[in-house]
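This report covers one helix and a few unusual backbone positions. Please look at the sequence and the structure first.

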Amino acid sequence: MTATPPPAPQETTRFPCPQCGADYRFAPAQGKLICDHCGHEEATEQGDRAAAITELDFRAALAEQLPAAEVMETRATTCPNCAAHVVFDGDTHATECAFCATPVVVDTGTHRQIKPRAVLPFQLAEPAAHDAMNDWLGELWFAPNGLQDYARKGRKMDGIYVPYWTYDADTKSSYHGERGTVYYVTETVMRDGKAEQRRVQKIRWRPASGRVARWFDDILVLASKALPKKYTDALQPWDLSALEPYSPEFLAGFQAEGYTVALTEGYEEARAHMDRAIRRDVAFDIGGDRQRIHNVQTAVSDVTFKHILLPVWLAAYKYRGKSYRFVVNGQTGRVQGERPYSTWKIAFAVACAALAAAAFGYIIAQNQ
């Protein structure tokens with residue numbers, strides 16, 4: 001499980017209603033499984049979060065020594081257009097990619113993946129996600145009118161659980177650098193034959209060294225390559241204190257994407273995050289008015305991780321043959337996305353600005 005994972009599947013999880021046999025869906029507002037056909041409801045099991053959501057040992061995963069209960073076999077497919085890797089159930093063989101609407105066929109092979117450890121249930125129902133997206137689109141004045149029409153039509157959005165890694169680690173760092181103290185001197189300079197005095201800033205540097213320590217908890221790393229990372233990162237913050245121990249009931253009626261960022265690849269990103277935080281700690285520890293950091297040596301221990309699923313509402317819009325995607329944080333309603341620009345609206349705005357500038361210039365000229 002240290003190599004780059006194979007195409008991870010995307011799956012719509014189904015739970016049959018015991019009364020009528022139709023599929024349950026998880027209702028975020030009620031926190032229950034609800035049958036839209038007959039109205040039957042069933043509560044989801046929620047246990048002790050702290051006891052159930054435990055971390056896994058990173059080194060054991062690298063050595064492929066995780067307990068058998070922590071891995072699973074999945075059927076996978078890769079979207080030929082956007083490279084999304086989506087998990088399917090046993091009866092599904094073809095579908096439409098939720099990320100870009102491209103028809104895809106399920107791969108016949110199976111792959112081993114680390115099971116999700118926790119899930120953040122949807123707290124935002126689809127109508128509320130639509131409202132959030134429409135509000136966001138309404139602020140995009142330069143967007144084409146067709147985009148506003150798309151929003152008003154209320155096309156179905158896809159609820160997808162997106163995979164993430166979280167990493168914990170204990171770090172102890174030693175450093176060497178310099179501490180700078182700012183002081184000022186008065187210098188005399190000649191200007192146009194006259195002597196002038198000016199105050200000049202100087203910095204006095206002294207060697208500095210020391211140690212800093214920091215415990216990192218739940219560094220969040222996106223484990224998917226299907227969506228633009230800059231948009232999914234911008235959906236933060238997530239309240240991870242609301243995580244629930246993984247249970248497939250939370251996925252009822254939604255899709256779940258399998259991870260495509262390997263555990264080791266995600267750890268590299270987490271380490272970069274740690275290094276930035278450690279350098280800030282070092283600069284603070286050096287103190288003074290200025291700091292120079294020459295080298296930092298960090299020992300990392302007790303590295304643990306978990307695979308979690310976070311809720312995202314996704315909508316795709318096609319404009320002039322190109323797909324644009326919008327993502328909505330299924331917990332907070334925060335919206336991010338790609339957007340086309342209307343050339344005629346931009347041209348109109350430029351023309352209006354030019355006319356306004358010309359009118360202003362004319363008024364100034366008349367008053368002179």
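The text below takes the helix first and then the backbone positions.

The model is predicted, local features need pLDDT of at least 70, side-chain atom pairs count only at pLDDT 80 or more, and totals for chains, interfaces and linings use all residues. Residues are numbered from 1 along each chain as its sequence is written, and side-chain values use heavy atoms, with hydrogens and water left out.

Helices (H or I, at least four residues) and strands (E, at least two) are DSSP runs numbered from the N terminus. Helix α6 covers residues 263-286, and its 24 residues should span 34 Å at 1.5 Å a residue; the expected span is 1.5 Å times one less than the number of residues. The end C-alpha atoms of α6 are 34 Å apart, which agrees.

Buried means under 20% relative accessible area, exposed over 50%, and partly exposed in between (1.4 Å probe, protein chains only). Residues buried in α6 include Leu-263, Tyr-267, Met-274, Asp-281 and Ile-286. Just after α6, Gly-287 has a positive phi of about 75°.

Two aspartates take a positive phi although neither is a glycine.

| Residue | Strand | Phi | Relative accessibility |
|---|---|---|---|
| Asp-218 | β13 (residues 194-222) | about 55° | 22%, partly exposed |
| Asp-302 | β16 (residues 290-319) | about 55° | 54%, exposed |

Which kind of peptide bond joins Gln-236 to Pro-237? The bond is cis, with omega near 10°. Pro-237 lies in the loop between α5 (229-233) and β14 (244-245).
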